[in-house]
Amino acid sequence: MEVIGFMTNKWVATAIGIWIQCICGASYTFSIYSSALKSTQGYDQSTLDTVSVFKDIGANAGVISGFLYSAVTPAARRRSSLGPWVVHAAGAIQCFLGYIFIWAAVSGLIDRPPVPAMCFFMFLAAHAQTFFNTANVVTGVHNFAHHSGTIVGIMKGYLGLSGALLIQVYNTACNGEPSNFLLMLAVFPTLLSIMFMWFVRIDRTESRNEMKHLNSLSALAVIVAFYVMVVIIFNNTFSLSSWTRFVTFSILLVLLVAPLGIAINAQREDLRMSSPSFFTEENPVLNKPKSANAEDSVEYHELPSDELQTMAAANSRAPRAMNVLEALRTLNFWLLFVAMVCGMGSGLATINNMSQLGQSLGYTATETKTFVSLWSIWNFLGRFGAGYTSDFLLHSYGWARPLLMAITLLIMSGGHIVIASGFSGNLYVGSILVGICYGSQWSLMPTITSEIFGLEHMGTIFNTIAIASPLGSYIFSVRVIGYIYDREAAEKHGSCSGTHCFVVSFLVMAIVAFLGSLVAAALFFRTRRFYRLALQRRVERLS
C-alpha cells in the first residue's frame, strides 16, 4: 500500500501523462498508411482527401472530451472511483475500435466498407486523441496551477512530437508494412493507456521545488526532440540498416523512460521536505507561518464588473468560473477564437500543402521529405518553448501571455512571406518559422483559456476554441491555396511549377496571420490588468 501511495501523486501522473502523449498523436502519421488505404480501398485522391478531412475533424473536435472531464473530476473530489481515468478509458475504446476497423479493411480481413463507414471510423480513431490530450493537459494544469504554461508546453510538446516518435516505431518494428502499423496503432496506445490511466489524477499539493523538477522534465524534452531530429536527418540522408535502427530506437526508449525517474526523485524530495525532522530551526523560511487571509489579500472591489468576473474565473476555486455557454457570450472568447483561426488555420494549411509546395519549387524528393519530417520538431519547439517562455515572462516581468501570442503570430506572418518569396532555401527557413509559431498557439491557447475562464470547464472551452484549427485549415487549404493552385494549373495542363503557384496564397495567409496578431494584441490590452493582479495574488500567497 505504501508503494501504491508513493506512486499516486502529481509527479508520477505527469510522467504517465507524458508517456500517453507520446503515443496518442497517431493522426499525425496519416501519410504512412494513406497510400495503402487508397490502393486497397480503390479510392481516388478526392475520396482519400475526404477521409483525411474526417481525421482532422476528429483530432480537433474535442468538446465531448471536455464535457466528460468536467463531469467526472468534480465527483472525483467526493468519490475516489471517478477521475481523469474515465476520460482515458473513453479515448482507449475509441482508439481501438477506430484503428482495428481500418486495419481490418486495409489487410483484407473484411470486405471494402462504404466510404461513409471509413470516414466514421477514421473520425473515431482520431477523436481518441482529444480524450487523451484533454485528460493529460487539464490534469497537469490542476496539478501545477502556478506553472501552467510550462506543464502545458511539456504535454503539448510531446503530443506534437508523437508523430515523429510513432514513425520511429514504424521504421523499426513494422517492416515497412502500413497494415502492421495500423494494427500497432490499434493495440499499443490502447494497452498503454488502460494499464497506466489509474495513475493520472488530480493532486493539488504544492512544493517549493516544483520549478526545479519541471525544468528537469523540460530539459529532457528538448534532449528527446534533438535526438529525434538527428535520427530523422540521418534516416532521410542515409539508408540505415535494421540493426542501426534498432539501436537508435533503444536509445530513444531509454530517454522516454527517464521522466518516471525524475518523477520518483521529485516525490522523494517532497516527502523528505514534508517530514517532521525537516522542519527545524535551521529552516526558518519553511517554518515561517502564513497569514490565514494571505490568499485572499487582493481587493476585488476595486475592479470593474467585467474584470471582476475574469479575475474570479482565474481562480480554480472561484464560484464564478465560466462554463462554455457563459464563455461564448464574452468578447474575450471570440478574440481568442479568431486569433486561432488565423494562426492555427494558416499553419495547418501550410503543412498540409508542404509536399506539393516543395515539388512546385523544384526541391528534390529527399529535401521535401526532410523538411516535412522535421515539421514535428519545429511544432514541438513551438509548443514547449511558448509554454515555458510565457511562464518566465509572466512571473519575471509580468508580461501577459496574449502578448506572446501576438508576437508569435506576427513572426508567423513573416514566415509566410519568406515562403512566398520563393528564393532558394527559403522554404526551409519559412517552414521553421511557421512550424514553431504554429506549435506555440497550441500551448498558449489552453493556458490563456484556463486563466481567463477558470479551470472547472477548461477542457470544454479550450477544445471548443480548438475547432478553429480545422475550420481555418479548410478555409485556407481549400478556398485559398487549392483554388489559386487549380487556377494556375489549369493554364499549364493540370500541373504547376514555380513560385507563382503559391505566392498569392501565402501572401494572403501572411495578411491573415498579421490580422490574428492584432486580434491577440487586443486580447492582451483587455486582460493585462487581470494578469498583473493575478501575479500580485501569487506573490502574496507565496510570501
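Okay, let's start in the middle of things: the buried residues of helix α3 are covered by, among others, α4 (45-60), α6 (84-106), α7 (115-143), α8 (148-173) and α9 (178-196). Buried here means under 20% relative accessible area, with exposed being over 50% and partly exposed in between, using a 1.4 Å probe and protein chains only. And when I say helix, I mean a DSSP run of H or I with at least four residues, while a strand is a run of E with at least two, numbered from the N terminus.

A quick word on where this comes from. This is a predicted model, so to read it: local features need pLDDT of at least 70, side-chain atom pairs count only at pLDDT 80 or more, and totals for chains, interfaces and linings use all residues. Residues are numbered from 1 along each chain as its sequence is written, and side-chain values use heavy atoms, with hydrogens and water left out.

Now the big picture. The protein chain has 23 helices and 0 strands. It has 543 residues, of which 56% count as buried. Contact, by the way, means heavy atoms within 4.5 Å. Taking contacts in the chain with a separation of 6 or more, 82% are between residues 24 or more positions apart.

Back to α3. That helix covers residues 30-41, 12 residues in total, and runs 15 Å from first C-alpha to last, close to the 16 Å expected at 1.5 Å a residue. The expected span is 1.5 Å times one less than the number of residues. Which residues of α3 are buried? They are F30, I32, Y33, S34, A36, L37 and Q41. Right after α3 comes G42, with a positive phi near 70 degrees.

Next up is α4. Its 16 residues should span 22 Å at 1.5 Å a residue, and the end C-alpha atoms are 23 Å apart, which agrees. Its buried residues are T47, L48, V51, S52, K55, D56, G58, A59 and N60. What do those pack against? The partners are α3, α7, α15 (331-352), α20, α21 (458-465) and α22 (468-490).

On to α5, residues 63-76, where we find V63. In sequence, V63 and A466 are 403 residues apart, yet their C-alpha atoms sit 8.9 Å apart in space. Not counting residues up to four places away in sequence, V63 touches T460, N463, T464 and I467.

V72 is in α5 too. Buried or exposed? V72 is buried, because its relative accessible area is 7%. Setting aside residues up to four places away in sequence, V72 touches L82, G83, V86 and V87. For V72 and G83, that's 11 residues apart in sequence and 5.4 Å C-alpha to C-alpha.

Now let's look at a helix pair. Helix α19 (residues 401-421) and helix α20 (residues 426-453) pack at about 160 degrees, with axes 8 Å apart. So α19 is roughly antiparallel to α20, a label for angles over 145 degrees. By class, their contact has 17 nonpolar, 10 polar and 2 charged residues. Nonpolar means Ala, Val, Leu, Ile, Met, Phe, Trp, Tyr, Cys and Pro, charged means Asp, Glu, Lys and Arg, and polar means the others, Gly among them.

Last stop: E488, in helix α22. E488 counts as buried because its relative accessibility is 16%. Leaving aside neighbours within four places in sequence, E488 is in contact with C496, H500 and C501.

How values were computed
Axes are lines fitted to C-alpha atoms, for helices over the stretch in contact, and angles run from 0 to 180 degrees between N-to-C directions. Angles under 35 degrees count as roughly parallel, over 145 as roughly antiparallel, 65 to 115 as roughly perpendicular and the rest as oblique.
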